Amino acid sequence: MTSPLRSGVLPVHVEFGHCDPAGIVWYPNFYEWFDAATHRLAERAGVGLHALRAQGFLGLPLMQTGASYHRPVRFGDDVEVRSQVVSFERRSFRVEHRVLKGDAVHLEGFEVRFLGAPHPDDPARLRAAEIPATFRAAFGVD
């Protein structure tokens with residue numbers, strides 16, 4: 001069974017401003033919702049942006065993202081972005097997202113993120129830090 005900290009739901013009511021002239025959600029908005037869902041998961045797990053910055057990290061930058069569109073999401077729809085941390089690598093982790101209206105999957109997407117830290121040679125640069133055991137444990141992974 002999945003740990004409740006590794007998954008979550010972001011409810012979204014589709015507003016007119018989310019849509020193109022045909023009333024279908026304009027695709028960049030899904031990525032905004034993915035970002036919000038990931039940060040909400042991290043916050044719930046106790047490793048949100050404020051907690052990470054207190055530990056010297058700069059945030060959770062993206063390395064890779066993508067989506068597959070199955071059905072349109074339209075103006076006025078009430079959908080859920082169901083998100084789950086599915087895996088960890090040494091310096092990255094993967095979050096998968098599904099956008100559902102009722103039981104119907106309209107879109108599936110993913111993000112690969114890393115813990116951003118200041119580069120040791122140039123603090124204006126960013127580097128991918130090794131993911132500490134405490135971060136993994138926050139999501140229920142040993």
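Good morning. I begin with a definition: a residue is called buried under 20% relative accessible area, exposed over 50%, and partly exposed in between. Glu130 has a relative accessible area of 45%, and therefore it is partly exposed. I shall return to Glu130 when I come to the charged pairs.

The structure above is a predicted model. The protein chain contains 3 helices and 7 strands. Followed along the sequence, these elements give the pattern β-α-α-β-β-β-β-β-β-α. The C-alpha trace spans about 50 × 35 × 25 Å along its principal axes. The chain has 142 residues, of which 41% count as buried.

Let me turn to the aromatic residues. How many aromatic pairs does the count give? The count comes to 11 aromatic pairs. One of them joins Phe88 and Phe135, with the ring centres 6.2 Å apart and the planes at 85°, an edge-to-face arrangement. This pair links distant parts of the chain, since Phe88 belongs to strand β3, residues 78-88, and Phe135 to helix α3, residues 133-138. The two residues are 47 positions apart in sequence. Are these two residues buried or exposed? Phe88 and Phe135 are both buried.

Phe88 also pairs with Phe139. Here the centres are again listed at 6.2 Å, but the angle between the planes is 50°, and the pair is classed as tilted. This pair, too, links distant parts of the chain: Phe139 lies in the segment after α3, 51 residues from Phe88 in strand β3. Phe139 is buried, as is Phe88. If we add Phe93, the picture becomes a cluster, in which ring pairs link Phe88, Phe93, Phe135 and Phe139.

One further aromatic ring has a charged neighbour. Arg94 lies over the face of Phe110, at 4.2 Å from the ring centre. Arg94 has a relative accessibility of 27% and so counts as partly exposed. Arg94 has a second partner, Glu96, with which it forms a salt bridge whose closest N and O atoms are 3.1 Å apart. Glu96 is likewise partly exposed, because its relative accessibility is 35%.

This brings me to the salt bridges in general. Side chains of opposite charge can pair when their charged atoms come close. A search of the whole structure finds 6 salt bridges. In one of them, Glu130 meets Arg90, the closest N and O atoms being 3.3 Å apart. Why does this pair tie together separate parts of the chain? Glu130 is in the loop between β7 and α3, whereas Arg90 is in the loop between β3 and β4, so the salt bridge joins parts that are 40 residues apart in sequence.

Another salt bridge involves Arg113 and Glu111, with a distance of 2.9 Å from N to O. Are these residues buried or exposed? Arg113 is at 2% relative accessibility and therefore counts as buried. Glu111 has a relative accessible area of 1%, so Glu111 is buried as well. Both residues take part in a network of salt bridges that also includes Asp35.

I now move to the loop between β1 and α1, where two residues deserve mention. His18 is located in this loop, which lies between β1, residues 7-13, and α1, residues 28-44. The side chain of His18 reaches the backbone nitrogen of Glu15 at 2.8 Å. His18 counts as buried because its relative accessibility is 18%. Phe16 is placed in the loop between β1 and α1. Is Phe16 buried or exposed? With a relative accessible area of 63%, Phe16 is exposed. Phe16 is also 8.8 Å from Arg74, C-alpha to C-alpha, although the two are 58 residues apart in sequence.

Finally, I come to the surface. Which residues make the nonpolar surface patch of about 380 Å²? The patch is made by Trp26, Tyr27 and Tyr69. Tyr69 is in strand β2, which covers residues 62-69. Its relative accessible area is 42%, so Tyr69 is partly exposed.

To close, I would point to two places in the structure shown above. One is the ring cluster of Phe88, Phe93, Phe135 and Phe139. The other is the salt-bridge network of Asp35, Glu111 and Arg113. Thank you for your attention.

How values were computed
Residues numbered from 1 in each chain as written. Predicted model: local features only at pLDDT ≥ 70, side-chain atom pairs only at ≥ 80, totals over all residues. Heavy atoms only, no water. Patch = residues over 30% accessible without salt bridge, like charges linked within 9 Å, V, L, I, M, F, W, Y side chains within 5 Å. Areas by Shrake-Rupley, 256 points an atom, 1.4 Å probe, with all protein chains shown as cover. Salt bridge = Lys/Arg side-chain N within 4 Å of Asp/Glu carboxyl O. Helix = DSSP H or I, 4+ residues; strand = E, 2+ residues; numbered from the N terminus. Buried < 20%, exposed > 50% of the residue type's maximum accessible area, 1.4 Å probe, protein only. Phe/Tyr/Trp six-rings, centres within 6.5 Å; stacked < 30°, edge-to-face > 60°. Lys NZ or Arg CZ within 6 Å of the ring centre and 35° of its normal. Polar contact = N/O pair within 3.5 Å; in protein donor to acceptor, adjacent residues only side chain to side chain.
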